[in-house]
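Subject: Structure handover

Hello,

Please find the structure below. My notes on it follow.

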Amino acid sequence: MSMIKKFLTLLSAAALAAAAGGVAYADAAGVFLKDTDAAKCLVNKYMDSVMRSYRGDEDVSFRGIVKEGCDFWYYNDYNNDLIADMSRNEGNAELASYSVDFCSVTYSDRVYTINTTITQQIKYKDCAETFLTTCDHIFTIEQNGRYMYITNDECNGTDKLLAPVETIDLAKK
């Protein structure tokens, strides 16, 4: 009987070691850190900051959203100026809103790839017309421990972290 107990104990220990090895492998691959909802929230946080830049809000920050050093993403002031230049109205939007349709989310080796369709609605203060633009975006989000950062935003086949909306030059109106 004691031989059977030893065998069962040995078998249980082997199964426990194999399970622990599987858990360690899964954790190393980031499986237990995977949080698709948090990745989607990061895309919404990014787009909210972009819209606030169009409106000219002064407290806009992309820190904690976009990984520093990606493409042209170096300083918040530079990015806000860039967004304003893209709108050609220096943050003069009266209304700047967006909606995101999440088409697909994939996750592999601590990297999310999120395919979206983003609709932006912009109305400038001195213009009666409201501009509506819909673009397909592919966001790449890297996960480092508990933190996630956007490392790329590809819009209509162009790698960039900002995609301009349809703009109007108010000086020409």
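To begin with the middle of the sheet, strand 2 and strand 3 run antiparallel and are joined by 13 bridges. Within that pairing, Asn-115 stands opposite Ile-138 of strand 3. The two strands make a hairpin, with five residues between them.

Please keep in mind that this is a predicted model. The confidence figures are further down.

Overall layout

The chain contains three helices and five strands, in the order α-α-α-β-β-β-β-β along the sequence. Of its 173 residues, 36% are buried. The exposed surface comes to about 10,100 Å², and carbon and sulfur atoms supply 53% of that area. Among contacts with a separation of 6 or more, 57% are between residues 24 or more positions apart.

The other strand pairings

Strand 1 (residues 93-108) and strand 2 (residues 111-124) are also antiparallel, with 14 bridges between them. Asp-101 stands opposite Thr-117 of strand 2. This pair is again a hairpin, here with two residues between the strands, and Asp-109 in the turn has a positive phi of about 50°.

Strand 3 (residues 130-144) pairs with strand 4 (residues 147-155) through eight bridges, antiparallel as well. In this pairing Gln-143 stands opposite Met-148 of strand 4. Two residues lie between the strands of this hairpin, and Gly-145 in the turn has a positive phi of about 65°.

Helix 2 and the loop after it

Helix 2 covers residues 36-55. Its 20 residues should span 28 Å at 1.5 Å a residue, and the end C-alpha atoms are 29 Å apart, so the expected and modelled lengths agree. The buried residues of the helix include Ala-39, Leu-42, Val-43, Tyr-46, Met-47 and Val-50. Also among them are Arg-52, Ser-53 and Tyr-54, towards the C-terminal end. Just after the helix, Gly-56 takes a positive phi of about 90°.

Val-66 sits in the loop between helix 2 and helix 3 (76-87). Is Val-66 buried or exposed? Its relative accessibility is 3%, so Val-66 counts as buried. In space, the C-alpha atom of Val-66 is 8.3 Å from that of Asn-152, although the two residues are 86 apart in sequence.

Salt bridges

Side chains of opposite charge can pair when their charged atoms come close. How many salt bridges does the chain have? The count is three.

One of them joins Glu-94 and Lys-123, with 3.8 Å from N to O. Glu-94 belongs to strand 1 and Lys-123 to strand 2, 29 residues apart, so this pair links distant parts of the chain. Glu-94 is partly exposed at a relative accessible area of 46%. Lys-123 has 19% relative accessibility and counts as buried, because the cut-off is under 20%.

Asp-57 takes part in the other bridges: one to Arg-52 at 3.6 Å, N to O, and one to Arg-55, also at 3.6 Å. Through this sharing of partners, Arg-52, Arg-55 and Asp-57 are joined into one network. The relative accessible area of Asp-57 is 28%, which makes Asp-57 partly exposed. Arg-55 is likewise partly exposed, at 27%, whereas Arg-52 is buried at 16%.

Confidence

The mean pLDDT of the chain is 74, and 60% of the residues score at least 70. Which elements have the lowest and the highest mean pLDDT? Helix 1 (residues 2-28) has the lowest, at 54, and strand 1 the highest, at 93.

There are stretches with pLDDT under 50. Residues 20-29 make up one of these, and the model gives that stretch nine contacts beyond four places in sequence. Residues 71-75 are also below 50, with 19 contacts beyond near neighbours in sequence. Where pLDDT is low, the predicted coordinates should not be read in detail.

Regards

Notes:
Residues numbered from 1 in each chain as written. Predicted model: local features only at pLDDT ≥ 70, side-chain atom pairs only at ≥ 80, totals over all residues. Heavy atoms only, no water. Salt bridge = Lys/Arg side-chain N within 4 Å of Asp/Glu carboxyl O. Buried < 20%, exposed > 50% of the residue type's maximum accessible area, 1.4 Å probe, protein only. Helix = DSSP H or I, 4+ residues; strand = E, 2+ residues; numbered from the N terminus. pLDDT = per-residue confidence, 0-100. Contact = heavy atoms within 4.5 Å. Areas by Shrake-Rupley, 256 points an atom, 1.4 Å probe, with all protein chains shown as cover. Expected span 1.5 Å × (residues − 1). Pairing = 2+ DSSP bridges.
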